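Here is a walk through one structure, taken in steps. Please keep the sequence and the 3D view at hand while reading.

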Amino acid sequence: MAVRIAQLSCGTEYSGVQDEINKAAERVGGEIVFPEIDVELIEEACDEIGYHPRSANLRVLLARAYALANGYADADAAFILTCFRCAEGALVRNEARRYLQQNTDIPVVTYSFTEDLDAGELLTRMEALVTIVERRGLLARKKQEGLTLGIDSGSTTTKAVVMEDDEVIGTGWVRTTKVIESAEKAVNEALEEAGYSLDDIQAIGVTGYGRFTLGEHFDADLVQEELTVNSKGTVYLGDKQEGGATVIDVGGMDNKAITVWDGIPDNFTMGGICAGASGRFLEVAADRIGVDIEEFGKIALEGDPEKVRLDSYCIVFGIQDLVTALAEGADPKDVAAAACYSVAEQVYEQQLQEIDIREPVFFVGGSSLIDGMVKALQDVIGVEVKVPPYSQFIGAVGAALLASNFI
Amino acid sequence: MARVFVFPPNSLILHDLVERFGHEPLSLPKEVGKKVRDPEIDSPPMNVTPEDVKKGLKYAAVEVPSGVRGRLSLIGPLVEKADAAIIVEEVQDLAFGCMGCDRTNKFVTYLVRQRNIPVLELKYPEDEEEAKEFVREIKDFLESLEG
């Protein structure tokens, strides 16, 4: 049976996007439904929620959320959409999402659209909704059991983790070259540290770009996209499995910002058009200064980012700015600090402004190991940023944790 | 002494009433005053800087107009620290601001209700009798608050 996705929206009918929404839902095995409500329910809903938007359509949107929360209507998931750049739409969309999360247990995803609706983004969100509904039992897991292996095949590095009885007992980290070879190497490293062989492993979970290839190769029990797996791994290691949190994942090539509720993602943005906002930029910058990435993070802590002008968000022009600054005699510490701030500001402006920051904010991915980056992110966002243990292995840990469902 | 948020947040009448009954009014003029008296004026006339507007992201997403987020960066923290609130609705003719600000007002009253603090909600009075009743209700409410 199709997963019934309740559409709570304003403006879709006048934006020519409804057909795309229906198609995206169908592609992932979902069906769009509109919660039916009586006119009288609108006033009651607004009174109960305590919010009376001026827009009549947005009042209907809130009433539909209220209907779902109070048994007047039924659905497996909710998709809340409003037009991009509508002030009241954005405010109501966010509060309707919050209201549903606090009063129902159905997954909710939000989206703001233009007439040039991004079919890929829409599809990813729909896919996440359907996955969450169909795999809710699996995602509810909070404790790792037995002996499991998690592999995260990332764009730059491949990570493997062996877990036993709720503890990480072995890790492997190698640069991604050939997907299968890199994974085998990482897995061997992790197994060696753990003192087990692959035959001893009771269940395997894989995630990341190469998940389908590795899923087949290792005959994995779980093959899952990284948004749900990374969220799960983060709240598990960060000990925040209930309520809200934000996950900022700055990887080798791209970055993601995910808001989670009870460990399940409900909104996210992904960047990656330019590597200027990724770990790769910091690697190149470290190389140019002539220090390794760990040292780079440490000297960045001592530098003053204000002293170096870094105007460009492109990796090529960004490095040119750095080279110019160094040539003019800038202190490498200040240059390192400025590079960290540049990445933090891009993450903030491109990603975090599209989701609502929920504390605690967790910083994961390879870049979270760079001290200067953590400080820069904290300064730019203005809230405390937490780095959970094994933050660079978050996807592998999430996969190992979820894999224990298959024992 | 309770910290009482007043809505409309620029209401001098409500500010004055709260103060007369021995409580601390949380209102916008006071916040704007602090900004204006800043020794360094970075962003005249009110000294709301782009940094303040970024702080408003705590309450509203980036696609909400910057002016709305700037207002929320001043009003939001007041709502957060309030022990009680007085909301006066239906003051359209005397209120000001653009369409976005109007939406901010709706949102602010919602934020107040979410706090689960004592809230007195009133309609703006239209004649003398209603005005007397208006002040009486505010007086009773303020007196009921723990000192």
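What follows describes a predicted model, beginning with a sheet and ending with two single residues.

The sheet belongs to chain A. Its four strands run in the order β2-β1-β3-β4, paired in parallel, and the sheet is open. At its edges stand β2 (30-33) and β4 (108-113) of chain A; each has a single partner strand, so one side of each is left without a neighbour in the sheet. From one strand to the next, the twist averages 30°. In general, the strands of a sheet pair through backbone hydrogen bonds, either parallel or antiparallel.

One of these pairings can be followed in detail. Strand β3 (residues 77-83) of chain A is joined to β4(A) in the parallel sense over six bridges. Within this pairing, A:T82 has A:S112 in β4(A) as its bridge partner.

Helices pack on this sheet. Helix α3 (residues 56-69) of chain A touches β1 and β3 of chain A, and its direction makes about 150° with that of β1(A). Helix α1 (residues 18-27) of chain A lies across β1 (3-10), β2 and β3 of chain A, running at about 145° to β2(A).

Now to the single residues. A:G251 sits in the loop between β10 (244-250) and β11 (255-261) of chain A. Its relative accessibility is 16%, so A:G251 counts as buried, the cut-off being under 20%. Beyond four places away in sequence, A:G251 touches A:S278, A:G279 and A:S367. A:G154 lies 97 residues from A:G251 in sequence, with 8.3 Å between their C-alpha atoms.

In chain B, B:D52 is part of helix α3 (residues 50-55). B:D52 counts as buried because its relative accessibility is 7%. Apart from neighbours within four places in sequence, B:D52 contacts B:K35, B:N47 and B:S73.

Conventions. Residues are numbered from 1 along each chain as its sequence is written. Chains are lettered from A and ligands numbered from 1 in the order in which they are written. This is a predicted model: local features need pLDDT of at least 70, side-chain atom pairs count only at pLDDT 80 or more; totals for chains, interfaces and linings use all residues. Side-chain values use heavy atoms; hydrogens and water are left out. Helices (H or I, at least four residues) and strands (E, at least two) are DSSP runs, numbered from the N terminus. Buried means under 20% relative accessible area, exposed over 50%, partly exposed in between (1.4 Å probe, protein chains only). Contact means heavy atoms within 4.5 Å. Two strands pair if DSSP finds at least two bridges between them. Axes are lines fitted to C-alpha atoms, for helices over the stretch in contact, and angles run from 0 to 180 degrees between N-to-C directions.
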